[in-house]
Amino acid sequence: YIYEEENPIVTINGEKFDDFIYEHAETPVFVFFFGPKCGWCKRKIQLWEDFATEAQEKDAGFIVARMDGFSNMQVIDRYTARPWPPQA
């Protein structure tokens with residue numbers, strides 16, 4: 001997973017997804033499963049970034065993360081509701 005100083009959203013890859021969740025078992029984690037070429041996802045990313053920024057500023061006690069669902073279908077198959085990819 002990647003923590004970027006300029007971005008309040010943690011980027012998780014599928015190989016590290018379970019590790020990240022287990023390491024933060026005491027902290028709620030909101031995950032935005034997105035598709036980098038998905039128009040709906042591109043329109044929603046600013047909303048998620050705003051959500052993460054506000055949570056960070058208020059020390060809200062939870063983590064906001066994102067993961068490329070198309071590159072990590074094994075995680076999508078376990079954790080997301082259908083349909084995938086998201087429909088606009």
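## A guided tour, from the aromatic pairs outward

A search of the whole structure, which is a predicted model, finds 7 aromatic pairs. Begin by selecting Phe 17 and Phe 33, whose ring centres lie 6.1 Å apart with planes at 40°, so the pair is tilted. Because Phe 17 lies in helix α1 (residues 17–23) and Phe 33 in strand β3, this pair ties together parts that are 16 residues apart in sequence. Phe 17 counts as buried, at 4% relative accessibility, and Phe 33 also counts as buried, at 15%.

Next, select Phe 32 and Trp 48, an aromatic pair that is stacked, with 5.0 Å from centre to centre and 10° between the planes. This pair links distant parts of the chain, since Phe 32 belongs to strand β3 and Trp 48 to helix α2, 16 residues apart. Both Phe 32 and Trp 48 are buried. If you now add Phe 30, Phe 34, Phe 51 and Phe 62 to the selection, you will have in view one aromatic cluster, to which Phe 32 and Trp 48 also belong.

From Trp 48, widen the selection to the whole of helix α2, residues 39–57. What span should its 19 residues have? At 1.5 Å a residue they should span 27 Å, and the end C-alpha atoms are 28 Å apart, which agrees. While following the helix, look for a kink of about 30° in α2, centred on Ile 45. Colour Cys 41, Trp 48, Ala 52 and Ala 55, which are buried in α2, and then show the strands β2 (7–11), β3 (29–34) and β4, against which the buried residues of this helix pack. Just after α2, Asp 59 takes a positive phi of about 45°.

Now select strand β4, residues 63–68. Is β4 enclosed or open to the outside? Of its 6 residues, 6 are buried, so β4 is largely enclosed by the rest of the structure. Both faces of the strand are covered, with Ile 63, Ala 65 and Met 67 buried on one side and Val 64, Arg 66 and Asp 68 buried on the other. Turning to its partners, you can see that β3 and β4 run parallel and are joined by 6 bridges, while β2 and β4 pair in the parallel sense over 2 bridges. Arg 66 is a useful residue to label here, for it is the bridge partner of Phe 32 and also the bridge partner of Thr 11.

Leave β4 and move along to Asn 72, which sits in the loop between β4 and α3 (73–79). Asn 72 counts as buried, at 9% relative accessibility, and its side chain reaches the backbone oxygen of Asp 68 at 2.7 Å. Setting aside its neighbours within four places in sequence, Asn 72 is in contact with Asn 13, Gly 14, Glu 15 and Met 67.

Finish the tour at Gln 74, in helix α3, which is partly exposed with a relative accessible area of 43%. Which residues does Gln 74 contact, leaving aside those within four places in sequence? They are Gly 14 and Glu 15, and both are also among the contacts of Asn 72. To see how the chain comes back on itself here, draw the distance between the C-alpha atoms of Gln 74 and Glu 15, which are 59 residues apart in sequence and 9.5 Å apart in space.

Methods
Residues numbered from 1 in each chain as written. Predicted model: local features only at pLDDT ≥ 70, side-chain atom pairs only at ≥ 80, totals over all residues. Heavy atoms only, no water. Helix = DSSP H or I, 4+ residues; strand = E, 2+ residues; numbered from the N terminus. Buried < 20%, exposed > 50% of the residue type's maximum accessible area, 1.4 Å probe, protein only. Polar contact = N/O pair within 3.5 Å; in protein donor to acceptor, adjacent residues only side chain to side chain. Contact = heavy atoms within 4.5 Å. Expected span 1.5 Å × (residues − 1). Bend = angle between axes of the 7 residues up to and from the residue. Phe/Tyr/Trp six-rings, centres within 6.5 Å; stacked < 30°, edge-to-face > 60°. Pairing = 2+ DSSP bridges.
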